[in-house]
Amino acid sequence: MQQRRRHAPGKALVTSVHDVPWLELVVLAVVALAAGSVIGSTLRLGISPMPSSGPARRAVLSLVPPTVHGEVHELGCGWGGLAVALARHCPKARVIAWEASLLPWLVSRLRARGLPNLQVRRADFLRADLSRAEVLVCYLFTGGMRALAAKLLSERPGAPVVIVTSTFALHGWAPAAVARVDDVWRTRVLRYDGVPHRPPPSAS
Ligand SMILES: C[S@@+](CC[C@H](N)C(=O)[O-])C[C@H]1O[C@@H](n2cnc3c(N)ncnc32)[C@H](O)[C@@H]1O
């Protein structure tokens, strides 16, 4: 279909639908949709899918017992780097990685291929059944940690579950171990051995 128009000599003009840069427009639309999806999820969840740094990831692994046989849950796995590392670190465990944001979940799913002990689920971990978890791993934010503490205190008081968290503490809970990461942020990774029976006084 030709759409020829008159134009002043010397001036550039799109003369045909074939001249429209469709490929560039499609690429631009896909990039805009992907960015919009990630930004929308970040605003909704309160945190971006920012991955743990290499040193922080190694510090997390150093606090997760590699011999665990049961369920290891990663709460908010982002792009899947830590989930893959956890599945390799605990070959006998069943690693379940939760992610609510579409694109990071999709990438994590792809990265999990070939790792039979890693399952990536797209859902809100605050609604997930964590009753069989032996280890919980997360890198969240203050509000997310508060919501997680409330969930664990109401659903699993006194449970011997190991919780390993990067950067953000469970406010008022006493960590059993703290690792300092040698990075620019001096990231802290904390391990808690068990859920208290009731909220610590300073956590309210
Ligand atoms: C800072 S990133 C950490 C990514 C990964 N754990 C790592 O350390 O590399 C936090 C992730 O948690 C996800 N997230 C936050 N709240 C969530 C929720 N309630 N349910 C599922 N995913 C959540 C976010 O979408 C984000 O991808």
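**A quick tour, starting at the ligand**

Select the ligand and its surroundings: of the 24 residues around it, Pro49, Ser52, Gly76, Gly78 and Ala100 come nearest. Now colour by secondary structure, and you'll find that the elements giving two or more residues to this shell are helix H1 (22–45), H3 and strand S2 (94–99). Switch to colouring by residue type and the shell splits into 14 nonpolar, seven polar and three charged residues. Keep in mind as you click around that this is a predicted model.

Next stop, helix H2, residues 54–62. Pick out Ala56, Arg57, Ala59 and Val60, the buried residues of this helix. Turn the view to look down the axis of H2: its buried residues fall within an arc of 160°, so they line one face of the helix. What do the buried residues of H2 pack against? Show helix H3 (81–89), strand S4 (133–138), S5, S6 and S7, and you have their packing partners.

Now for a couple of backbone oddities. Most residues other than glycine have a negative phi, so two spots deserve a click.

- Go to the loop between strand S5 (162–166) and strand S6 (177–180) and select Thr167. Its phi is near 75°, a positive value in a non-glycine residue. Thr167 is partly exposed, because it has 18 other C-beta atoms within 10 Å.
- Then move to the loop between S6 and strand S7 (188–193), where Arg186 sits. Arg186 isn't a glycine either, yet has a positive phi of about 50°. Buried or exposed? Arg186 is exposed, since 8 other C-beta atoms lie within 10 Å.

Conventions:
Residues are numbered from 1 along each chain as its sequence is written. This is a predicted model: local features need pLDDT of at least 70, side-chain atom pairs count only at pLDDT 80 or more; totals for chains, interfaces and linings use all residues. Helices (H or I, at least four residues) and strands (E, at least two) are DSSP runs, numbered from the N terminus. A residue is buried if 20 or more other C-beta atoms lie within 10 Å of its own, exposed if 12 or fewer, and partly exposed in between; C-beta atoms are placed from the backbone. The arc is that of the directions from the helix axis to the C-beta atoms. Two residues are in contact if their C-beta atoms, placed from the backbone, lie within 7 Å. A residue is near a molecule or strand if its C-beta atom, placed from the backbone, lies within 6 Å of it. Ala, Val, Leu, Ile, Met, Phe, Trp, Tyr, Cys and Pro count as nonpolar, Asp, Glu, Lys and Arg as charged, and the others, Gly among them, as polar.
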